Amino acid sequence: MSEPDRTPDVAASLTLVLVGVGALLVSCLMPWWLLQARAPQYGQRVLVVEVGPLTVSGDVFELDTLGHYVGIRSLHTIARFERTLAPLGLAAAGLGLLLAPWLRRRRLRLLAVAPVLFLPILFVADLGYWMQRAMRERDLESALGAALPDVEPALLGEYTVGQFRMSAEPAGGFYIALLVAALGVGLVFAVPWKLRPHHRRLMATMGLASAGLALPVVAQAARHTVPAGGTLSDTVRDAAAGDEILVPAGVYREHVRVDRPLTLVGQPGAVLDGGGAGTVLRIAAADTEVRGLVVRGSGDGYTAEDAGIRIEAPRVRIADTRLEDVLFGVFAVKADGCVVERTTVVGKPLPVTRRGDGIRLWYSSDCRLVGNRVERSRDVVIWYSSGTVAEDNVVRESRYGLHYMYSDRNAFRGNRFEHNETAAAVMYSRGLVLEDNDFSHSTGESAYGLLLKDADDVFIRGNRFVGNAIGLFFDNAPQSRGGRVDVHGNLVGWNDAGVALQPASHGVRFWENTFLQNRRPMQVQGTGPADRNEWSVGGRGNYWSEATLYDRDADGISEIPYRSESTYEALADRVPALAFFDNTPAATALDMAARLFPIFAPRPRMVDPHPLMMMSPSAAVVPEETGGGDPALAAVGSLFMLAAVLGRSLARGVVS
Amino acid sequence: MAVSSHPTKRFASRGRWLAAMAAIGALAFAHVQCRSAARSGDTVGAGSGYAALDEIIRGRSLSPDEAAAALKTFVPPGKYDDFIMVTSGGHAGSVLLYGVPSMRLLKQIPVYSPDAWQGWAQGDSGSARVLKDGSWGPGLPTLTWGDLHHPQISLTRGKYDGEWISVSDKSAGRVAIISMRDMKTKTIFKTPNTVSDHHAVWSDESDYLIQNSFFPVPLGQDYAPIEQYKSKYRGTASFLKFDRKTGRVVENESFQVELPPYFQDLSATGRGPSEGWVFMNSMNTEMATGGTLENKPAMEVAASQREMDYLHALNWHKAREVAKDPSKVRTINGIKVISMATAVAEGLLFFVPESKSPHGVDVVPGGEYILVSGKLDPHVTAYSFEKIKKAAEAGQFEGKDEFGVPILKYDACLAGTIPVGLGPLHSVFDDKGYGYSSQFLDSTVTRYTLGPPYNPPDKAWKVVDKISVHYNIGHLQAPGSNTRTPYGKYVVALNKWSVDRFPALGPLHPQNLQLIDISGEKMALLSDTPTIGEPHNSQMIPVELVQAWTTYPETGWDAVAMARSAHATAQGKESIRREGNTVHVSGTVIRSHYTPDIVRVKQGDRVVFHWTNVESARDATHGFGLHGYNVNLSLDPGATETTEFVATKAGVYPFYCTEFCSALHMEMTGWLLVEPKGD
């Protein structure tokens with residue numbers, strides 16, 4: 001298709017191309033679609049979530065929190081794959097625009113602008129798909145999941161979810177993307193540029209210029225390798241900002257300070273050894289990355305806070321690293337946006353009172369701790385650090401699996417805190433989601449699965465609290481007007497006390513939890529009632545393994561309320577030796593006797609008006625149990641021993 | 001599945017004979033229980049009385065524990081409590097006296113703030129002078145409030161002697177002295193170079209009151225910009241010589257030691273092996289200054305950053321000798337100051353690492369150990385004084401702080417760590433070798449064993465019991481805890497916030513004192529008592545050690561001067577004298593009249609009343625409430641008090657007795673007649 005009479009307007013197409021690319025960049029920073037939610041209980045406030053090709057922002061936390069009641073998955077779990085691909089698509093679209101005017105064949109030009117054309121279409125299609133899917137895959141086991149009728153989401157216009165009136169509409173970014181697509185169509189039909197000599201010169205100049213621009217980028221990405229016999233410190237000193245340093249296998253006995261942004265990549269067998277003194281690796285440059293290193297042998301001085309890795313700059317990433325024989329593991333100070341992934345910390349073989357923290361975030365917001373393992377350490381500390389996400393971490397044989405204060409809007413999912421003194425202590429914070437974590441086998445003087453003090457808006461869902469002295473402990477949580485603490489769908493089993501409530505805790509809501517074989521399902525500490533908390537929501541209470549249940553109408557909910565009260569327990573509170581008889585027929589006998597011959601009326605500690613007949617499916621994971629023996633024999637034996645202990649106690653006047 | 005193996009269900013599914021066994025067991029238990037109840041009947045009267053008691057317990061739906069607690073805390077009419085608890089009223093500026101175990105409020109002693117009931121700075125010249133002399137001086141107003149902390153009963157040979165109470169003022173760097181004879185404040189002393197103190201402790205003979213500053217300020221209390229915090233700002237440890245005869249601080253025999261600009265918080269004096277030393281803990285060794293609008297982290301954020309702060313160990317007996325050498329001290333604002341450099345050079349001051357932002361530091365009754373409560377660390381750390389001393393002598397340092405003070409090796413000073421629970425704040429001691437710590441976060445009190453010689457080494461530093469309190473326990477106190485011979489029996493938890501413990505009576509809530517019985521194997525919570533202000537610590541003294549006067553020893557007593565007043569007036573010697581524009585009224589009060597009861601002055605006159613209560617009967621206090629001139633005096637039996645003012649406005653001003661005194665109390669009145677000018 002030769003078009004000798006048509007001369008291309010270079011200036012016009014160039015303007016077109018540059019405007020197109022610029023607009024595309026701008027649209028990336030803007031929302032493409034707006035989702036709004038209005039509900040009477042939120043008054044004037046409208047919750048707005050902005051969806052873009054790269055991000056989801058706005059009232060995501062609020063909407064997720066509401067969504068979890070009706071079983072809608074968290075927005076961040078949606079379209080993860082697409083969001084990873086989106087930058088590539090955008091880059092392809094931009095590149096296509098730049099390339100199109102040079103292509104002589106219209107078909108090729110069409111191919112070049114195809115990404116620009118398809119971007120908005122794909123976006124809308126994908127959004128619609130996910131909105132449908134999120135509703136389709138709604139968790140009907142959630143609190144109000146079953147109560148909500150099927151939702152028909154609309155990509156454009158209004159629909160309702162329960163009390164919420166939702167509306168969806170395109171936003172600025174999407175319109176710009178449409179405009180750019182139109183420009184792309186224009187380019188397809190524009191006259192291609194001819195490669196005249198001066199164009200060649202122009203191209204060469206542009207090529208050189210871009211090469212020149214790229215040069216620093218290439219130079220930045222220069223790779224260094226620590227030479228045999230050389231030190232990492234020297235290599236760091238010789239490297240320029242943005243360089244990558246390969247650390248070959250070998251033991252490097254030195255203390256390293258990274259003061260410019262670098263990427264340190266340890267090859268298998270690369271060990272940085274502090275020789276038992278000071279802090280081994282200190283990172284003072286933002287955007288530094290450390291991968292695949294073994295860091296070991298810090299000092300043991302508290303005064304100097306000797307650590308394996310100390311981070312003092314934002315956006316640092318530590319991945320696939322192992323820290324051994326260190327006082328503190330990763331010690332992050334004013335390090336916003338840092339990431340610690342798949343990293344293992346094993347502390348020094350010291351008594352727990354002499355150890356340092358496995359990971360400490362101090363004044364470092366929006367960090368991510370994912371897939372780490374901390375052992376034989378003191379705490380994982382998160383203080384003054386909001387917006388932290390901790391997922392799939394394991395903290396074992398330490399002091400506080402999680403030591404958390406003055407930090408808001410954090411999420412903990414899929415973590416395992418086990419065999420610590422206290423699995424998690426959460427205080428003075430608001431806006432917390434704890435999902436699918438294990439808080440188990442805490443032993444010690446304050447052996448809590450989860451201690452929650454002076455906190456609001458905490459959502460504890462689908463976790464397992466197993467084998468602790470106290471499964472969950474609440475003190476003045478929730479504390480503020482309108483503050484909420486919801487405990488839903490958790491397994492609380494084999495603890496000495498399932499739930500312990502300080503009397504200042506009012507308004508905690510428990511439902512659909514499974515209380516299994518706790519020595520005491522629920523106890524009130526510090527004297528006082530626990531009746532100001534809710535033990536059922538929407539007519540659904542909890543499963544209590546020791547409850548006497550009767551379900552006449554076969555709706556899975558017992559008509560007999562569950563009352564936590566027992567003469568035996570009241571007595572055991574005062575005669576600790578009786579704890580030996582917990583859960584034995586003797587204890588049951590005593591309670592029965594007390595009902596027949598009431599010496600005093602035990603006060604119910606709490607009443608679950610709608611106990612569940614069956615435990616919820618999440619509680620199906622059951623740890624191995626010790627063998628039972630012959631129950632009849634056990635009963636006779638324990639009755640005799642009960643008589644003996646009671647006799648002795650009475651003789652000493654303990655009971656009277 | 002787990003459910004099928006649940007013991008009670010197994011029981012239910014098995015044979016019926018088990019039920020029979022259960023019934024037999026139950027009968028046996030009920031029988032034994034009744035017999036035991038009958039046996040213990042003698043404590044509550046005859047058998048029928050017990051039945052009546054049972055009725056009351058059922059009628060009020062009390063649990064056995066609650067019934068027992070009621071019996072343990074009840075003090076029958078006319079009988080006295082076992083202990084007097086002297087507790088701080090915090091920023092109410094007063095001291096409160098409670099009876100233990102009844103927890104009845106017995107008295108409030110005004111200190112830093114005026115109080116109309118007791119006529120404290122409510123027109124009385126003597127108390128007004130105490131407040132004025134205890135203020136910061138020219139350029140600043142007379143202080144009429146203080147944040148009263150940590151009442152301390154004076155000691156003789158390390159035991160309560162029932163003579164004096166000292167209190168500190170976190171708001172103004174002052175100490176005040178109260179006499180336990182009349183429970184009145186005698187002096188308020190503003191410590192030079194100090195603007196705030198959390199705590200002041202007696203030496204074992206109460207010859208010195210040892211006080212450390214909380215907020216560091218530029219040395220000499222001058223101005224320096226906050227940017228010069230490290231170079232100019234300083235803390236102080238003050239050793240105030242106390243004259244027990246007069247109840248005053250002797251400034252020229254007192255001295256100070258300059259300290260780094262950390263917040264030197266609580267302190268404890270050594271005794272026995274650690275005699276002559278004082279231990280202070282510190283926080284903010286980060287030397288943070290805040291600056292939230294200047295892009296610096298908030299104070300509480302920056303001040304809890306470092307892993308360790310420093311326990312200060314100061315050899316003050318040695319410092320006292322150094323202070324006698326004029327070449328080694330500098331006098332600043334009238335007090336001798338030993339500089340930090342001199343303190344280091346003379347080997348007076350050592351630091352021991354302590355877990356960051358600690359709270360309480362407490363010395364065990366015999367002085368062998370220093371216990372630091374970690375607050376952010378779930379342990380109480382026990383340091384051995386012997387080890388500290390050895391480490392200091394052997395030079396086992398892990399470095400020096402920025403000011404050159406040697407830091408002893410942590411491990412070299414450690415005696416033990418006690419896993420008491422989350423948020424330990426303070427420790428107190430009983431007579432059985434136990435310590436008790438308060439846990440703010442756990443809301444618990446933990447009982448633990450002390451090390452040798454209190455317990456054998458294998459039983460040392462072990463937690464033996466724990467009890468939950470209502471909420472946020474701060475201080476706790478046990479009788480005689482800080483003396484050589486603690487008395488045991490009770491612990492009082494001083495809880496911050498009462499939240500829902502008492503009926504809601506507006507948004508400001510009282511604090512909550514919870515009484516705990518520690519006499520048994522397990523601690524038992526007995527009662528809740530609301531209290532005003534914020535209770536910043538207390539002490540408990542056996543009631544028989546309090547030898548307070550019932551009336552003043554002589555008629556015409558000046559309570560502030562603690563001597564007979566020059567203005568004491570005997571009955572029959574009453575007078576009204578005019579000296580120029582001043583009218584002196586020397587009068588007496590007795591049931592139920594004022595002499596004189598008509599006082600005539602002219603507008604513009606200065607009027608000076610000297611009233612003497614000539615009664616010597618217990619409790620025969622009279623008031624002098626004067627309309628319009630903001631005066632109310634409390635004229636305790638034997639007291640002479642003075643009030644003076646200018647009669648600025650003409651008119652008729654009745655005065656009357658504000659304490660109900662007799663059948664003719666309503667008739668106990670008089671007239672102040674202010675005639676208009678020019679008449």
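Let's start in chain B, at a single rung of a ladder: Leu476(B) has Ala493(B), in strand S30(B), as its bridge partner. Keep in mind as you look around that this is a predicted model.

Zoom out a little from that rung. Strand S30 covers residues 490-495 of chain B, and 4 bridges tie it to S29(B), with the two strands running antiparallel. Both belong to an open sheet of 4 strands in chain B, and if you walk across it you meet S29, S30, S31 and S32 in that order, with antiparallel pairing. What stands at the edges of this sheet? Those places go to strand S29 (473-477) and strand S32 (524-531) of chain B. Each has a single partner strand, so one side of each is left without a neighbour in the sheet. The sheet isn't flat-on either: ignoring direction, neighbouring strands are turned by 25° against each other on average.

Now look for what packs on the sheet. That's helix H4 of chain B, residues 64-73, which touches S30, strand S31 (511-517) and S32 of chain B. Its direction makes about 65° with that of S32(B).

Next, the aromatic rings. Searching the whole structure over all chains turns up 59 aromatic pairs. One of them is Phe328(A) with Phe331(A), an edge-to-face pair with 4.9 Å from centre to centre and 65° between the planes. Edge-to-face is the label because the planes are over 60 degrees apart. Are these two rings buried or exposed? Phe328(A) is buried, at 0% relative accessible area, and Phe331(A) is buried too, with 1%.

Over at Trp362(A) and Tyr363(A), the ring centres are 5.5 Å apart and the planes meet at 35°, so this pair counts as tilted. Here the two partners part ways on accessibility: Trp362(A) is buried at 2%, while Tyr363(A) is partly exposed at 29%.

Go back to Phe331(A) for a moment, as its ring has another visitor. The charged end of Arg310(A) sits over that ring, 4.7 Å from the centre. Chain B has an arrangement of this kind with a lysine: the charged end of Lys170(B) sits over the ring of Phe214(B), 4.5 Å from its centre.

One last stop, again in chain B. Which residues form one aromatic cluster there? Pick out Tyr594(B), Phe609(B), Trp611(B), Phe624(B), Tyr629(B), Phe645(B), Tyr653(B) and Phe655(B), and you have the cluster.

Key
Residues are numbered from 1 along each chain as its sequence is written. Chains are lettered from A and ligands numbered from 1 in the order in which they are written. This is a predicted model: local features need pLDDT of at least 70, side-chain atom pairs count only at pLDDT 80 or more; totals for chains, interfaces and linings use all residues. Side-chain values use heavy atoms; hydrogens and water are left out. Rings of Phe, Tyr and Trp (its six-membered ring) pair if their centres lie within 6.5 Å; planes under 30 degrees apart count as stacked, over 60 as edge-to-face and the rest as tilted. Buried means under 20% relative accessible area, exposed over 50%, partly exposed in between (1.4 Å probe, protein chains only). A charge sits over a ring if NZ of Lys or CZ of Arg is within 6 Å of the ring centre and within 35 degrees of the ring normal. Two strands pair if DSSP finds at least two bridges between them. Axes are lines fitted to C-alpha atoms, for helices over the stretch in contact, and angles run from 0 to 180 degrees between N-to-C directions. Contact means heavy atoms within 4.5 Å.
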